[in-house]
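User: I have a structure open and would like to talk through some of its local details with you. Could you take my questions as they come?

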Amino acid sequence: MAGYTRQSVSQIQNGADITAPPLNAEFNQLLAAFNAASGHGHTGATGDAPPIPLATSLSGYLPAVHGGTGGRNNNSASSNPTVTDDSGSGYAVGSVWLNTANDRIFICVNNTTNAALWNEVVASDGLKFHPETTNTVDIGTSSNRYKNMYLSGTATIPTVTSTTINSGTITTTGMGTFPTVNVDGGTVDGTVIGGNSPSAITGTQITANSGFVGGVTGDLVGNVTSTGTSGFNNITASGTIQGAVTGDISGNVTSTGTSAFNNVTIAGTLNMDGSTTATITNLSAPTNANDAARKVDVDNAVANLVDSSPAALDTLNELAAAIGDDSNFSTTMTNALAGKVADTGDTMTGDLIMSGGVTVTGLPLPTANSEASSKQYTDQQDALQVTKSGDTMSGSLAMGGNKITGLGTPSANTDASTKGYTDGILGSATAASASAAAAATSEANAATSEANAAQSAVSAATAITASQHFLDTYFVSASAPSGSNLSTGDLWFDTANNLMKVYGASGFQNAGSSVNGTAERKDYTASANQTSFAATYDPNFCDVYLNGVKLAPSDFTATNGSSVVLASGAAAGDAVSIVSYGTFLLADHYNKSTVDALIDDVETLALAGL
């Protein structure tokens with residue numbers, strides 16, 4: 001059903017329990033669907049029910065074929081019916097049409113398609129009647145005439161001829177003007193012909209006892225005598241005005257011959273007929289503002305105006321063209337000049353663009369930050385700047401708390417030092433200082449050991465002399481001992497390499513800890529992506545520093561005793577330092593004089609602030 005939506009679909013099913021709420025929802029939806037104000041309609045549109053098949057639901061009236069009484073009526077029209085207001089529009093014979101705009105009523109007498117006929121109903125009061133088409137309706141006939149016509153308003157009658165009114169009289173009270181009246185006989189009296197507004201009268205002969213007012217067209221034969229003031233407008237004579245015209249003439253006088261006038265005042269137009277050579281001659285020099293000007297006066301005025309102007313600028317049109325036909329030329333020029341820069345000095349509100357190689361010259365040396373700078377001043381300031389390609393400072397370089405980065409490894413005493421290089425030096429100095437202190441202690445201990453060793457040597461010599469067993473335990477030779485008499489713990493001093501070795505399961509090996517002393521320190525400046533660096537050390541006993549930072553054992557490989565390999569390639573210019581450790585060798589230790597010299601060097605560096 002249009003306008004209805006099924007409610008509670010899941011609750012109302014065959015075989016299921018039905019409760020009151022879903023039923024109430026269904027009934028409420030049905031009630032809403034049939035609600036007169038908000039329910040569904042019968043228009044046939046989407047969401048509505050199909051239309052009810054009644055003619056009244058579509059046209060608003062019930063035709064006779066559906067049980068009605070006729071066609072439709074129009075009671076609120078603002079215009080008159082036309083021939084197209086026919087059966088196709090629902091109108092039938094007898095339909096009523098009311099034009100409420102001018103209170104007119106029409107009855108349909110023929111509803112033929114595109115040829116409908118509507119007759120107007122004339123009431124006795126308050127309504128007007130007139131034909132639908134001009135000059136198509138007669139009032140009465142030649143044989144059946146109306147008797148009397150009484151008018152109290154204004155009647156407008158285009159033409160009254162002898163064939164229209166054959167006899168009798170027309171009597172009006174307040175009746176208006178007849179535009180054209182052809183009177184073949186009788187008299188016209190009772191009112192002024194033409195009324196208050198003059199109208200033309202055409203006739204063959206007019207005799208007046210008290211004068212004429214208005215225009216007279218045709219020939220005037222005889223004397224026109226005026227004893228008072230006569231006013232004429234547009235007197236045109238195609239023939240000759242014979243006799244004297246005495247008195248005042250006010251209006252236009254056109255003469256094809258020679259006329260002599262004294263004191264003629266022209267209130268209209270004086271037409272000299274430009275198609276001829278007629279002129280107004282013998283004028284005197286004008287003295288009053290309204291006097292006519294002579295040709296010589298005009299020529300002199302024009303000559304004085306032109307004066308000695310060039311031919312290209314001696315007319316107003318040429319002057320107007322020269323200023324671009326600008327009626328506000330003065331304002332235009334004033335505004336244009338206001339936007340120009342004065343040569344005495346001015347303030348710019350926009351950019352000054354110098355194009356085509358044009359330069360600004362004569363600039364003094366600037367004194368304020370906003371002043372334009374000359375080439376000389378710019379060159380002087382540029383010479384004081386440090387160039388990116390390198391330069392020599394003649395004064396201090398104050399960094400204002402900022403850093404200098406990207407320094408290379410110093411090679412000369414005056415080179416700036418990087419943090420990594422300085423940290424490396426300080427680390428070496430610290431190690432040297434510690435070594436010096438340890439050396440001093442070792443020196444004291446060595447003295448004690450030396451005394452003890454001397455005593456031990458005496459005891460050993462005695463023991464060796466007393467027994468040859470030691471000679472089976474301690475060997476001194478350039479090649480490794482061999483034989484069945486070797487046992488674990490036997491010592492051998494390798495005179496070829498100056499190393500003390502001990503015999504074990506794998507043969508003779510270096511005796512003592514491999515960290516008993518520092519073998520050497522190597523410093524390198526890495527190339528791009530360099531990973532391998534040469535060094536001598538006991539396997540796995542070395543420290544590696546990158547730019548002063550000690551690397552973890554996982555960051556490098558040191559197993560072959562001859563090189564160190566970084567896990568990741570160094571960058572170009574990185575500082576790589578390798579401190580390697582080997583077996584304690586007496587030949588590798590510093591003597592007292594060397595240690596004293598190192599201590600002096602460290603003290604010197606400390607005093608220098610390095």
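User: Let's start with Asp379: buried, exposed or partly exposed?

Analyst: Asp379 counts as partly exposed, because its relative accessibility is 38%. Please keep in mind throughout that this is a predicted model.

User: And which side chain does Asp379 meet in a salt bridge?

Analyst: The partner is Lys375, and the N to O distance between the two side chains is 2.7 Å. Both residues belong to helix α6, where they sit four residues apart, about one turn of the helix. Lys375 counts as exposed, because its relative accessibility is 65%.

User: How many salt bridges are there by this rule?

Analyst: The count comes to eight salt bridges. Among them is the one between Arg521 and Asp523, at 3.2 Å from N to O, and another links Asp543 with Lys550, whose closest N and O atoms are 3.7 Å apart.

User: Where do those four stand on exposure, and why?

Analyst: Arg521 is partly exposed because its relative accessible area is 33%, while Asp523 counts as exposed because its relative accessibility is 51%. In the other pair, Asp543 is buried, since its relative accessible area is 18% and the cut-off for buried is under 20%. Its partner Lys550 has a relative accessibility of 49% and therefore counts as partly exposed, as the class of exposed residues begins over 50%.

User: Switching to β3: which strand does β3 pair with, and over how many bridges?

Analyst: β3 pairs with strand β4, residues 117-121, in the antiparallel sense and over five bridges. One of the bridge partnerships is that of Asn110 with Leu117, the latter in β4.

User: What sits between the two strands of that hairpin?

Analyst: There are six residues between the strands, and Asn114 takes a positive phi near 60° in this hairpin. That is a positive value in a residue other than glycine. Asn114 is exposed, because its relative accessible area is 53%.

User: Where else is there a positive phi of that kind?

Analyst: Asp325 has a phi near 55°, again a positive value in a residue other than glycine. Asp325 is found in the loop between α4 (316-322) and α5, and it counts as exposed because its relative accessibility is 59%.

User: Back to β3 for a second, what about Arg104?

Analyst: Arg104 lies in strand β3, which spans residues 104-110, and it counts as buried because its relative accessibility is 4%. The side chain of Arg104 makes a polar contact of 2.8 Å with the side chain of Glu120.

User: Okay, now the core. Which residues have the most contacts inside the largest nonpolar core?

Analyst: Those are Val544, Phe556, Val564 and Leu566, in a core that has 14 residues. Three elements, β17 (542-546), β20 and β21 (575-582), each supply at least two residues of this core. The largest share, three residues, comes from β20.

User: How does β20 fit into its sheet?

Analyst: β20 belongs to an open sheet of three strands in the order β16-β20-β19, with antiparallel pairing. The edge strands are β16 (530-534) and β19 (556-557), each of which pairs on one side only. Two bridges join β19 to β20, which covers residues 563-570, and Thr557 stands opposite Val565 in β20.

User: Which residues make the nonpolar surface patch of about 620 Å²?

Analyst: The patch is made by Val341, Met348, Leu352, Met354, Val358, Val360 and Leu363. Leu363, for instance, lies in the loop between α5 (329-338) and α6 (375-383). Leu363 counts as partly exposed because its relative accessibility is 33%, a value that fits the patch rule of over 30% relative accessible area.

User: Last one: where is Asn497, and what does its side chain contact?

Analyst: Asn497 is in the loop between β12 (491-494) and β13 (499-504), and its side chain is joined to that of Asp494 by a polar contact of 2.8 Å. Asn497 is partly exposed, because its relative accessible area is 46%. The C-alpha atoms of Asn497 and Ala478 are separated by 8.0 Å, although these two residues are 19 residues apart along the chain.

How values were computed. Residues numbered from 1 in each chain as written. Predicted model: local features only at pLDDT ≥ 70, side-chain atom pairs only at ≥ 80, totals over all residues. Heavy atoms only, no water. Pairing = 2+ DSSP bridges. Buried < 20%, exposed > 50% of the residue type's maximum accessible area, 1.4 Å probe, protein only. Polar contact = N/O pair within 3.5 Å; in protein donor to acceptor, adjacent residues only side chain to side chain. Patch = residues over 30% accessible without salt bridge, like charges linked within 9 Å, V, L, I, M, F, W, Y side chains within 5 Å. Areas by Shrake-Rupley, 256 points an atom, 1.4 Å probe, with all protein chains shown as cover. Salt bridge = Lys/Arg side-chain N within 4 Å of Asp/Glu carboxyl O. Core = buried A, V, L, I, M, F, W, Y, C linked by side-chain atoms within 4.5 Å.
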